[in-house]
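User: Could you take a close look at the enclosed space inside this protein, and then set it in the context of the parts around it? I am in my first year, so please go through it step by step.

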Amino acid sequence: MANGTEHTVKAFDDDIVELRGLISEMGGRAEAAIADAMQALVRHDLAAAETVVEEDKRIDELEGQIERLAVRIIALRAPMADDLREVVAALKIASVIERIGDYAKNIAKRTAQIGGPHKIDALAMLPAMAAIAAEMVHDVLDAFAARDWQLALRVSERDRAVDDFYNSIFRTLVTFMMENPATIGQAAHLLFVAKNLERIGDHATNVAEMVYFAAKGTYMAERDRGEDAIGTEA
């Protein structure tokens with residue numbers, strides 16, 4: 001009987017390790033997609049942009065693998081308390097990462113529509129904004145792997161910086177469009193890129209809240225977001 005119990009525990013541990021590995025791979029691909037999409041945009045590299053779009057299919061596949069594994073763990077292992085929270089968090093996190101991958105893909109798709117050369121000052125701000133958003137994704141996945149609620153909390157606090165970037169870029173682009181009507185199309189596409197990055201920051205924060213709950217069993221306190229991000233939904 002003891003051997004059977006040990007086997008069950010080992011099987012469960014193996015499943016959890018596999019689940020964490022899939023989440024890590026999925027998050028790593030989403031993080032890379034953000035950086036690659038921004039690089040393609042800045043360089044007006046259509047081939048690189050197309051690669052980002054194609055690579056998003058693998059992120060979608062990983063989401064499906066995680067969903068099937070999580071359901072199998074719940075059905076066969078009947079996890080309780082902390083273990084159950086981790087599996088449920090992984091299931092939700094996979095869905096959020098898939099959306100982050102979609103935002104990166106949307107940014108890549110704008111490369112052809114924006115065209116070049118770029119003469120809009122706001123474009124110089126976008127890579128810095130993207131770097132913060134990508135770093136949030138990286139750190140929050142580290143927090144999930146380590147069950148580090150303190151790191152998750154720090155990630156959520158960084159979302160304010162992404163919102164501040166977005167608000168600044170929004171005002172810059174609106175002013176630029178008013179002063180240079182011929183660039184409205186290009187500037188509007190850049191505005192949607194900024195909005196996608198702002199949404200990535202929001203989603204990274206959502207993951208941080210899930211990690212916090214999985215680790216502590218309580219919900220993260222409501223954040224003081226200050227001035228809300230402005231503009232239209234991407």
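Analyst: The residues lining the largest cavity of this predicted model divide into 4 nonpolar and 2 charged, with no polar residue in the lining. They are Glu 86, Phe 144, Arg 147, Val 211, Ala 214 and Ala 215, and H6 provides the largest share of them, 3 residues. The space they line is about 30 Å³, and a search of the whole structure finds 1 cavity of 30 Å³ or more. As a general point, empty space left between atoms shows up when a probe the size of a water molecule is rolled over them.

One of the lining residues, Arg 147, deserves a closer look, and the place to begin is the helix that comes before it. Helix H4 runs over 126-146, and its 21 residues reach 30 Å from the first C-alpha to the last, which is close to the 30 Å expected at 1.5 Å a residue. H4 is followed by Arg 147, which is found in the loop between H4 and H5. The phi of Arg 147 is positive, about 55°, although this residue is not a glycine. Is Arg 147 buried, exposed or partly exposed? Its relative accessible area is 26%, and because buried means under 20% and exposed means over 50%, Arg 147 counts as partly exposed.

A second residue with a positive phi can be described in a similar way. His 44, which is also a residue other than glycine, has a phi near 50°, and its place is in the loop between H1 and H2. With a relative accessibility of 31%, His 44 counts as partly exposed.

To see what surrounds these loops, it helps to step back to the chain as a whole. The protein chain has 6 helices and 0 strands, so that reading along the sequence gives the pattern α-α-α-α-α-α. Of its 234 residues, 45% count as buried. Among the contacts in the chain with a separation of 6 or more, 87% are accounted for by residues 24 or more positions apart.

The next part to consider is the nonpolar core. In soluble globular proteins, nonpolar side chains tend to be buried together. Here the largest nonpolar core has 71 residues, of which Ile 23, Ile 34, Ile 93, Leu 126 and Leu 197 touch the most other members. H1, H2, H3, H4, H5 and H6 each supply at least two residues of this core, and H6 gives the most, with 14 residues. Leu 197 can serve as an example of the contacts: leaving aside residues up to four places away in sequence, Leu 197 touches Ile 34, Met 38, Ile 107, Leu 126, Met 129, Ala 130, Ala 133 and Val 162.

Finally, the cavity can be set beside an open space, the second largest pocket, which holds about 170 Å³. Of the 14 residues that line this pocket, Ala 32, Ala 33, Asp 36, Val 52 and Glu 55 are the closest to its centre. Helices H1, H2 and H3 each supply at least two residues of the lining of the second largest pocket, and the largest share, 6 residues, comes from H2. By class, this lining has 6 nonpolar, 3 polar and 5 charged residues, whereas the lining of the largest cavity has no polar residue.

Note on methods:
Residues numbered from 1 in each chain as written. Predicted model: local features only at pLDDT ≥ 70, side-chain atom pairs only at ≥ 80, totals over all residues. Heavy atoms only, no water. 1 Å grid on protein atoms, 1.4 Å probe; cavity = no way out; pocket = protein on both sides within 12 Å on 5 of 7 lines; lining within 4 Å. Points joined across faces, edges and corners; volume = space filled by probe spheres on them. Helix = DSSP H or I, 4+ residues; strand = E, 2+ residues; numbered from the N terminus. Nonpolar A, V, L, I, M, F, W, Y, C, P; charged D, E, K, R; others polar. Core = buried A, V, L, I, M, F, W, Y, C linked by side-chain atoms within 4.5 Å. Buried < 20%, exposed > 50% of the residue type's maximum accessible area, 1.4 Å probe, protein only. Contact = heavy atoms within 4.5 Å. Expected span 1.5 Å × (residues − 1).
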